[in-house]
Amino acid sequence: SFVLYMPKDIVRGDFYWFGEKDGKIVMVAADCTGHGVPGALMSMIGHNLLNQIVLEKGITRPAAILNNLNTMVQAVLKQGISNIDTTDGMDVALCCFNTGNRELEYAGANRPLVIAGNGNLKKIDPDKMPIGGSQIGFDRSFTNHTHKLSPGETVYMFSDGYADQFGGEKGKKFMLKRFLDTLQQVKNLPVAEQESQLLNALLNWQGDNEQVDDILVIGIKYS
């Protein structure tokens with residue numbers, strides 16, 4: 001596996017989380033509201049709540065983790081029940097690997113999952129709603145997806161920072177399509193080389209432009 005992690009500031013709003021419970025491996029890529037200090041505070045909240053949900057409560061089904069995370073973030077921030085109405089929250093891609101049967105489960109809050117094997121990339125779209133926010137009355141229930149992993153497949157989770165980076169000859173965003181094309185080009189390389197190629201592609205695009213957001217890309221290759 002690799003983690004390409006480039007915070008915009010000293011502290012960051014993107015974070016990743018890893019946990020093991022009952023023979024299952026849970027991996028999270030999260031993009032919190034903002035970056036810098038506000039994003040870092042949300043990152044700490046998300047990290048601590050995931051410890052409670054997965055490691056203490058033993059919940060490993062991705063959709064159930066996100067449902068719990070949403071409720072707990074809203075409770076911690078008193079969203080919808082206090083005079084100070086905050087919209088802080090996070091977008092999350094969350095995977096659970098069952099080491100016994102090669103099954104991958106995924107649920108997403110505004111962040112997709114990409115699986116690369118033979119042929120074209122497979123993109124699994126997330127639910128179009130965040131974790132947290134002041135919409136207490138809105139019924140949020142996240143969708144659980146399953147995929148049987150084949151040897152050589154690589155699973156990618158990422159925040160929006162890579163695709164949103166400005167650069168190129170016209171100073172435009174990298175964009176999701178170009179990012180997916182880059183994944184298609186590097187998917188068969190060893191994971192360390194994939195990370196290097198992704199970093200080089202980003203830096204070449206960025207040039208002298210300032211980094212605009214935290215950047216997080218996680219790649220996990222099944223062998």
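**Exercise 1. Classify V11 by its accessibility, then place it in the chain and in its surface surroundings.**

Solution. V11 has a relative accessible area of 34%. The class of partly exposed lies between the limits of 20% and 50%, so V11 is partly exposed. The model is a predicted one. In the chain, V11 sits in the loop that joins β1 (2-6) to β2 (14-21). On the surface, V11 belongs to a nonpolar patch together with I10, V37, L41 and M44. The accessible area of these residues together is about 540 Å².

**Exercise 2. State how many salt bridges the structure holds, and work through the pair E105 and R61.**

Solution.
- Step 1, the count: there are five salt bridges in the structure.
- Step 2, the distance: between the side chains of E105 and R61, the N to O distance is 3.7 Å. A salt bridge requires a nitrogen within 4 Å of a carboxyl oxygen, and the pair E105 and R61 is a salt bridge.
- Step 3, the location: the two residues are 44 residues apart, and their pairing links distant parts of the chain. E105 is in strand β5 (residues 103-109), while R61 is in the loop between α1 (36-56) and α2 (62-76).
- Step 4, the accessibility: E105 is buried at 9% relative accessibility, whereas R61 is partly exposed at 46%.

In general terms, side chains of opposite charge can pair when their charged atoms come close.

**Exercise 3. Describe the salt bridges D164 with K173 and K177 with D181.**

Solution.
- Step 1: in the pair D164 and K173, the closest N and O atoms are 3.8 Å apart. D164 is partly exposed with a relative accessible area of 22%, and K173 is partly exposed at 33%.
- Step 2: in the pair K177 and D181, the N to O distance is 3.1 Å. Both residues lie in helix α3 (residues 176-186). They are four residues apart, about one turn of the helix.
- Step 3: K177 is exposed with a relative accessible area of 60%, while D181 is partly exposed with 34%.

**Exercise 4. Check the length of helix α4 (residues 191-206) and find where its buried residues point.**

Solution.
- Step 1, the span: α4 has 16 residues, and at 1.5 Å a residue it should span 22 Å. The end C-alpha atoms of α4 are 23 Å apart, which agrees.
- Step 2, the buried residues: these are V191, Q194, L198, L202, W205 and Q206.
- Step 3, the direction: down the axis of α4, the buried residues fall within an arc of 100°, so they line one face of the helix. A192 and N204 are exposed on the other side of α4.
- Step 4, the packing: the buried residues of α4 pack against several elements, including β1, α3 and β13 (215-221).
- Step 5, the end: G207 follows α4 and has a positive phi, near 60°.

**Exercise 5. Repeat the length check for α2, then describe the surroundings of L66.**

Solution.
- Step 1, the span: from first to last C-alpha, the 15 residues of α2 reach 21 Å, close to the 21 Å expected at 1.5 Å a residue.
- Step 2, the buried residues: among them are P62, I65, L69 and V73. They pack, together with the other buried residues of α2, against β3 (24-32), α1, β4 (89-98), β5 and β8 (131-132).
- Step 3, L66: this residue lies in helix α2. Its relative accessible area is 0%, so L66 is buried.
- Step 4, the contacts: leaving aside neighbours within four places in sequence, L66 is in contact with V92, L94, A107, G108, A109, I131 and F142. The C-alpha atoms of L66 and F142 are separated by 6.7 Å, although the two residues are 76 residues apart along the chain.
- Step 5, the end: K78 follows α2 and has a positive phi, near 55°.

**Exercise 6. Which positive phi values do D22 and N110 have, and where are these residues placed?**

Solution. Most residues other than glycine have a negative phi.
- Step 1: D22 is not a glycine, yet its phi is positive, about 55°. D22 is in the loop between β2 and β3, and it is exposed with a relative accessible area of 66%.
- Step 2: N110 is not a glycine either, and its phi is positive, about 70°. N110 is in the loop between β5 and β6 (113-116), and it is partly exposed at 25% relative accessibility.

Definitions and conventions: Residues numbered from 1 in each chain as written. Predicted model: local features only at pLDDT ≥ 70, side-chain atom pairs only at ≥ 80, totals over all residues. Heavy atoms only, no water. Patch = residues over 30% accessible without salt bridge, like charges linked within 9 Å, V, L, I, M, F, W, Y side chains within 5 Å. Areas by Shrake-Rupley, 256 points an atom, 1.4 Å probe, with all protein chains shown as cover. Buried < 20%, exposed > 50% of the residue type's maximum accessible area, 1.4 Å probe, protein only. Contact = heavy atoms within 4.5 Å. Expected span 1.5 Å × (residues − 1). Arc of directions from axis to C-beta.
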